[in-house]
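User: I have a structure open and would like to check the labels attached to it. Could you walk me through the reasoning behind them?

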Amino acid sequence: VRAYGAAQGLLDGDSIRVDEVMKSNLYVKFKEEDRPAVGSAVPLQCAAEHFVQQMAEWHRVVAEGGRFEYRKGRPQKISIVVEDRQGGRKSCTTVRSVEPFGVDPEAFAKLAQKKFSTSATVTPLPGKHEKGVEISVQGSLLSDMTELLQKEYKVPADFIAGTDKTKKY
């Protein structure tokens, strides 16, 4: 904001004079009567805060080989859920939303099968409008799956949500 004001000759001490470009871009979410008039002075700090409010959130995903891509919005957390099967005798671990982190679901399932000596399947998410897949692995592997994602795929712990729905006796 300061660089724009200097380039356009709008700076006046700790304030900046509003021009038509600033009014149409920085004050979009304001009601018409709350927008400053063209030529009026606004504190530089307020103009910077309005600029930040207009920005959209983006995140960067770094995949294997160092390649990366930018995506709009906040990153979705990987969901790991452990549920009972057959009345509490067996359990199943379900992992969802690994694709946004550059993790290939098929390769992840194959790695989990080998590492934990268990069965793993990859199926489309239930529902007509759901996109992506879920990985189902036999056994209660909540901490193991979290550790696997962190060590093998470098997924930060902040982006992994684990839930244990098994019955505790």
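User: Happy to start with the strands: which residue in β9 does Thr121 stand opposite?

Analyst: Thr121 stands opposite Ser136 in β9. One thing to keep in mind as we go: this is a predicted model.

User: What makes β8 and β9 a strand pair?

Analyst: Pairing needs at least two bridges found by DSSP between the strands. Strand β8 (residues 120–124) is joined to β9 by five bridges, and the two run antiparallel. Five meets the requirement of at least two, so β8 and β9 pair.

User: How do you know that β7 and β9 pair?

Analyst: The reasoning is the same cut-off again: at least two bridges. β7 and β9 run antiparallel and are joined by five bridges, so they pair too. Here Cys92 stands opposite Gln138 in β9.

User: Why is β9 described as largely enclosed?

Analyst: Strand β9 covers residues 133–138, and five of its six residues are buried, so the rest of the structure largely encloses it. Buried here means under 20% relative accessible area.

User: Which salt bridge links β7 with β9, and what makes it one?

Analyst: That is Arg96 with Glu134, whose side chains meet at 2.8 Å, N to O. Arg96 is in strand β7 and Glu134 in strand β9, 38 residues apart, so this pair links distant parts of the chain. The limit is 4 Å between a side-chain nitrogen of Lys or Arg and a carboxyl oxygen of Asp or Glu, so 2.8 Å qualifies.

User: Are those two buried or exposed?

Analyst: Glu134 has 13% relative accessibility and counts as buried, because the cut-off is under 20%. Arg96, at 33%, counts as partly exposed, since partly exposed covers what lies between buried and exposed.

User: How do you know that Glu83 and Arg85 form a salt bridge?

Analyst: Their closest N and O atoms are 3.8 Å apart, and the rule asks for a distance within 4 Å, so the pair counts. Glu83 is partly exposed at 25% relative accessibility, and Arg85 is partly exposed at 39%.

User: What about Lys151 and Glu147 in helix α5?

Analyst: Their side chains meet in a salt bridge at 3.4 Å, N to O, which is again within 4 Å. The two residues sit four apart in α5, about one turn of the helix. Lys151, at 54% relative accessibility, is exposed, because exposed means over 50%. Glu147 has 41% and is partly exposed. By this rule the count comes to four salt bridges.

User: Why is Ser143 called exposed?

Analyst: Ser143, which lies in helix α5, has a relative accessible area of 53%. The label exposed needs over 50%, so Ser143 earns it. Ser143 and Gly162 are 19 residues apart in sequence, with C-alpha atoms 8.3 Å apart in space.

User: How many aromatic pairs are there, and why is the one between Phe101 and Phe159 called tilted?

Analyst: The count comes to two aromatic pairs. For Phe101 and Phe159, the ring centres are 5.9 Å apart and the planes make 45 degrees. The centres fall within 6.5 Å, so the rings pair; 45 degrees is neither under 30 (stacked) nor over 60 (edge-to-face), so the pair is tilted.

User: What does that pair tie together?

Analyst: Phe101 lies in the loop between β7 and α4, and Phe159 in the loop between α5 and β10, so the pair ties together parts that are 58 residues apart in sequence. Phe101 is buried at 13% relative accessibility, whereas Phe159 is partly exposed at 27%.

User: Which residues touch the most other members of the largest nonpolar core?

Analyst: Ile78, Val95, Phe108, Met145 and Leu149 do, in a core of 20 residues. β6, α4, β9 and α5 each supply at least two residues, and α4 gives the most, with four.

User: Last one: what makes β1 and β3 edge strands?

Analyst: The open sheet of three strands has the order β1-β2-β3, with antiparallel pairing. β1 and β3 each have a single partner strand, so one side of each is left without a neighbour in the sheet. Two bridges join β1 to β2, which just meets the requirement of at least two.

Definitions and conventions
Residues are numbered from 1 along each chain as its sequence is written. This is a predicted model: local features need pLDDT of at least 70, side-chain atom pairs count only at pLDDT 80 or more; totals for chains, interfaces and linings use all residues. Side-chain values use heavy atoms; hydrogens and water are left out. Rings of Phe, Tyr and Trp (its six-membered ring) pair if their centres lie within 6.5 Å; planes under 30 degrees apart count as stacked, over 60 as edge-to-face and the rest as tilted. Buried means under 20% relative accessible area, exposed over 50%, partly exposed in between (1.4 Å probe, protein chains only). A nonpolar core is a set of buried Ala, Val, Leu, Ile, Met, Phe, Trp, Tyr and Cys residues joined through side-chain atoms within 4.5 Å.
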